[in-house]
Amino acid sequence: MRARPPLAAAAAAACRAPLRLLRTGLAAAMSAARPLKSVDYEVFGRVQGVCFRMYTEDEAKKIGVVGWVKNTSKGTVTGQVQGPEEKVNSISRVFCGVGRMSWLSKVGSPSSRIDRTNFSNEKTISKVEYSNFSIRY
C-alpha cells in the first residue's frame, strides 16, 4: 500500500473535520477551542417589534457562537454571547459598526434602528454554558 503524501493526508483529515463537529455538537467543539470568551450586551434603539431577536439568532448561528437574546421591559434587547474569542470579538466589532456588514449596529432586522450597544461582564471562560443560540421570552 502506497503512503499518502502529507498534503493529501491533511486534506482528507480536513474533509472529516465537519463530520466530527456534527457528532460532538457545537458546544463541545467550542469547549475544545481556546480561548473562549463570554460577553453580555444590551442594544438600544428601535429593536422591539421588528424581528430583531430572530435576526440576531440567525446571525449568531451563522457566525458560530452560542448564547441568548431577549426583549426587556424598557424597550431594549439584551443577551449574552459565548464562543471562541475571535468570533465573540467579531460580534463586538459588528455591534459597534466595524465588521461584517455592520451587523447589529447599522444593519439589524429590516425595520430596526440601533442607537447604541453596551457591552458588560466580558470575561474568559473555560467552557461555554449553552448548546446553541436561542431567543428567551
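A residue is called buried when its relative accessible area is under 20%. The legends below describe a predicted model.

**Figure 1. The protein chain is shown with its helices and strands in sequence order.** The protein chain contains four helices and five strands. Read along the sequence, these elements follow the pattern α-α-β-α-β-β-α-β-β. Of the 137 residues in the protein chain, 42% are buried. The protein chain exposes about 8,100 Å², and carbon and sulfur atoms supply 55% of this area. Among contacts between residues at least 6 apart in sequence, 75% join residues at least 24 apart.

**Figure 2. Five strands form an open sheet with mixed pairing.** The order of the strands in the sheet is β4-β1-β3-β2-β5. The edge strands are β4, residues 113-125, and β5, residues 133-135, each of which pairs on one side only. Direction ignored, neighbouring strands of this sheet are turned by 15° against each other on average.

**Figure 3. Strand β3 is seen with its partners β1 and β2.** Strand β3 comprises residues 77-84, and eight of its eight residues are buried. Strand β1, residues 36-46, runs antiparallel to β3 and is joined to it by eight bridges. One bridge partnership in this pairing is that of S38 with Q82 in β3. Strand β2, residues 66-71, also runs antiparallel to β3, with six bridges between the two strands. Along this pairing, K70 stands opposite T78 in β3, and N71 has V77 in β3 as its bridge partner. Five residues lie between β2 and β3 in the hairpin that these strands form. In the turn of this hairpin, G75 has a positive phi of about 90°.

**Figure 4. Helix α3 lies across the five strands, with E57 in the view.** Helix α3 lies across β1, β2, β3, β4 and β5, and runs at about 175° to β5. Residue E57 is found in this helix, which spans residues 52-63. Is E57 buried or exposed? Its relative accessibility is 16%, and buried means under 20%, so E57 counts as buried. Leaving aside its neighbours within four places in sequence, E57 is in contact with F133, S134 and I135.

**Figure 5. The largest nonpolar core has 17 residues.** The residues with the most contacts inside this core are Y41, V43, V47, F52, V65, V69 and V81. The elements that give two or more residues to the core are β1, α3, β3, α4 (residues 85-95) and β5. A second, separate core has six residues, including L36, W68, V128 and Y130. For V47, a member of the largest core, neighbours within four places in sequence are again left aside. Its contacts are then F52, N71, G75, T76, V77, R113 and I114.

**Figure 6. A salt bridge joins E122 and K37.** The closest N and O atoms of this pair are 2.6 Å apart. The pair links distant parts of the chain, for E122 lies in strand β4 and K37 in strand β1, 85 residues apart. Why does K37 count as buried? The relative accessibility of K37 is 8%, and the limit for a buried residue is under 20%, so K37 belongs to the buried class. The model has five salt bridges in its count.

**Figure 7. Within helix α3, E59 forms a salt bridge with K62.** The closest N and O atoms of E59 and K62 are 3.2 Å apart. The two residues are three residues apart in the helix, about one turn. Which class of accessibility does E59 belong to? With a relative accessible area of 6%, E59 is buried. By contrast, K62 has a relative accessibility of 62%, and exposed means over 50%, so K62 counts as exposed.

**Figure 8. D115 and R113 form a salt bridge.** In this pair the closest N and O atoms are 2.8 Å apart. The relative accessible area of R113 is 45%, which lies between the limits of 20% and 50%, so R113 is partly exposed. Residue R113 is also one of the contacts of V47.

Terms used:
Residues numbered from 1 in each chain as written. Predicted model: local features only at pLDDT ≥ 70, side-chain atom pairs only at ≥ 80, totals over all residues. Heavy atoms only, no water. Buried < 20%, exposed > 50% of the residue type's maximum accessible area, 1.4 Å probe, protein only. Contact = heavy atoms within 4.5 Å. Pairing = 2+ DSSP bridges. Areas by Shrake-Rupley, 256 points an atom, 1.4 Å probe, with all protein chains shown as cover. Axes fitted to C-alpha atoms, helices over the stretch in contact; angles between N-to-C directions. Core = buried A, V, L, I, M, F, W, Y, C linked by side-chain atoms within 4.5 Å. Salt bridge = Lys/Arg side-chain N within 4 Å of Asp/Glu carboxyl O.
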